[in-house]
Amino acid sequence: MALAHCDGPCRPRSFPCIPVFYNPNPVGTIAPMPTSIPTLDARTAESPKFAHDIAAAYAEFGFVIIEHHGIDKALIDRCLDCFRRFFALPVAEKMRYQVPGGGGARGYTAFGIETAKGARHHDLKEFWHVGRELPPGHPFSAVMAPNIWVDSIPGFRESTEGLYKAFDALGARLLSAIARSVNLPSNFFDDKVNLGNSILRVIHYPPMPADPTSSVRAGAHEDINVITLLLGAEEPGLEVLSRKGEWIAVNPPPGSLVCNVGDMLQRLTNMHLRSTTHRVTNPPRERASNARYSLPFFLHFNPDFLIKTLPQYVDAQHPDQFPVPINAQDFLMERLREIKLI
């Protein structure tokens, strides 16, 4: 299900030929290819320029850095403090919060479990999942399990729920701009993600082992979901694969976040918006003793939403790459099986 990333349910890296419908350059001009991930200001998210610029970033990179995102730093710090305390617990204590047969959908997933499809070695991380709170008896309860809370850590539930809601609200604002950028009404996504199976994942990458390892913190992959919002990428390691096949380091300034396109949005737009390969590399020797914490929010469609290619992105030059529609829940389960969470 669902920042240094794989931070989420992901598919293996791939190198598709991706048609790009959006041309940010005026006719008759040639702009140099950008070499770094663009940075946008969320305070202008409702403006036409923001929609234009996020389209350009996603067409080229599939990634964008967002400044002035509005998520309270004190809330982020409280949540991280709770999870630092949790991940410092003995393994046997942490394992009490792992749900057998749950596919990691809620609660704790131990170190050494998640493995990118096709990878020979597991990722070097452990993590916790929090999902949407549903009212009792809601139809989606069949596919969205109740959350698990650590009552022994003061503020654990309150800070985590607060951060989930803040991510969810910011995601809705960014999706409104994305909708406008691909010629859809600004409210197009509202009733398609309002009950989405979205996940807040809190990741702990422990200090590197003393002995050499073939594993990396997160192998090359693309995300499953609609968009991912990532806090915690200031620590070096997150890299994005460019169209030229070169790895570009993503080093957002303090206080910003990273937002990238997932497979579901790429599928909906017939690969117009790119779900881009990315990874989290192991730190250099001088930083090997540092733990890393990441906070990705994997924004998902509602489980019953049918992901069907938008007709405006299909024509003779751009045939439908995904001619068989699939609902969001089935797509998610398919991907989770691939990365060995179920």
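This section describes the sheet, the helix packing and selected loop residues of a predicted model.

Confidence was considered before the fold. The protein chain has an average pLDDT of 84, and 80% of the residues score at least 70. Residues 1–34 form a stretch in which pLDDT stays under 50, although the model has 128 contacts beyond four places in sequence for these residues. Where pLDDT is low, the predicted coordinates should not be read in detail.

The model contains an open sheet of eight strands with mixed pairing, arranged in the order S2-S3-S11-S8-S13-S6-S5-S4. The edges are occupied by strand S2 (39–41) and strand S4 (107–109); each has a single partner strand, so one side of each is left without a neighbour in the sheet. On average, neighbouring strands of this sheet are turned by 25° against each other, direction ignored.

Strands of a sheet pair through backbone hydrogen bonds, either parallel or antiparallel. Strand S13 (residues 292–299) takes part in two antiparallel pairings: five bridges join S6 to S13, and five bridges join strand S8 (residues 227–231) to S13. In the pairing with S6, Ile203 has Ser294 of S13 as its bridge partner. In the pairing with S8, Ile227 stands opposite Leu299 of S13. Strand S6 (residues 199–205) is also joined to strand S5 (residues 126–131), by six bridges and again in an antiparallel manner. Within that pairing, Gly131 is placed opposite Ile199 in S6.

The burial of S13 was examined residue by residue. Eight of the eight residues of this strand are buried, so S13 is largely enclosed by the rest of the structure. In a regular strand the side chains alternate between the two faces of the sheet. In S13, Arg292, Ser294, Pro296 and Phe298 point one way, whereas Tyr293, Leu295, Phe297 and Leu299 point the other way, and all are buried. Ser294, the bridge partner of Ile203, thus belongs to the set that includes Arg292, while Leu299, opposite Ile227, belongs to the set that includes Tyr293.

Helix H1 (residues 48–60) lies across S2, strand S3 (63–67) and strand S11 (257–261), and runs at about 140° to S3. This helix also packs against helix H4. Two packed helices are described by the angle between their axes and the distance between the axes. The axes of H1 and H4 (residues 156–181) come within 8 Å and cross at roughly 80°. Angles of 65 to 115 degrees count as roughly perpendicular, and H1 and H4 are therefore roughly perpendicular to each other. On the H1 side of the contact are Phe50, Ala51, Ile54, Ala55 and Tyr58, which meet Leu174, Ala177, Ile178, Arg180 and Ser181 in H4. By class, the contact of H1 with H4 has eight nonpolar, one polar and one charged residues.

Two loop residues were noted for their backbone conformation. Most residues other than glycine have a negative phi, and most peptide bonds are trans. His68, in the loop between S3 and helix H2 (73–87), has a positive phi near 55°. Asn270, in the loop between helix H6 (263–268) and strand S12 (278–280), likewise has a positive phi, near 55°. As regards accessibility, His68 is partly exposed, with a relative accessible area of 43%, whereas Asn270 is buried, with a relative accessible area of 0%.

Terms used
Residues numbered from 1 in each chain as written. Heavy atoms only, no water. Pairing = 2+ DSSP bridges. Helix = DSSP H or I, 4+ residues; strand = E, 2+ residues; numbered from the N terminus. Axes fitted to C-alpha atoms, helices over the stretch in contact; angles between N-to-C directions. Contact = heavy atoms within 4.5 Å. Buried < 20%, exposed > 50% of the residue type's maximum accessible area, 1.4 Å probe, protein only. Parallel < 35°, antiparallel > 145°, perpendicular 65-115°, else oblique. Nonpolar A, V, L, I, M, F, W, Y, C, P; charged D, E, K, R; others polar. pLDDT = per-residue confidence, 0-100.
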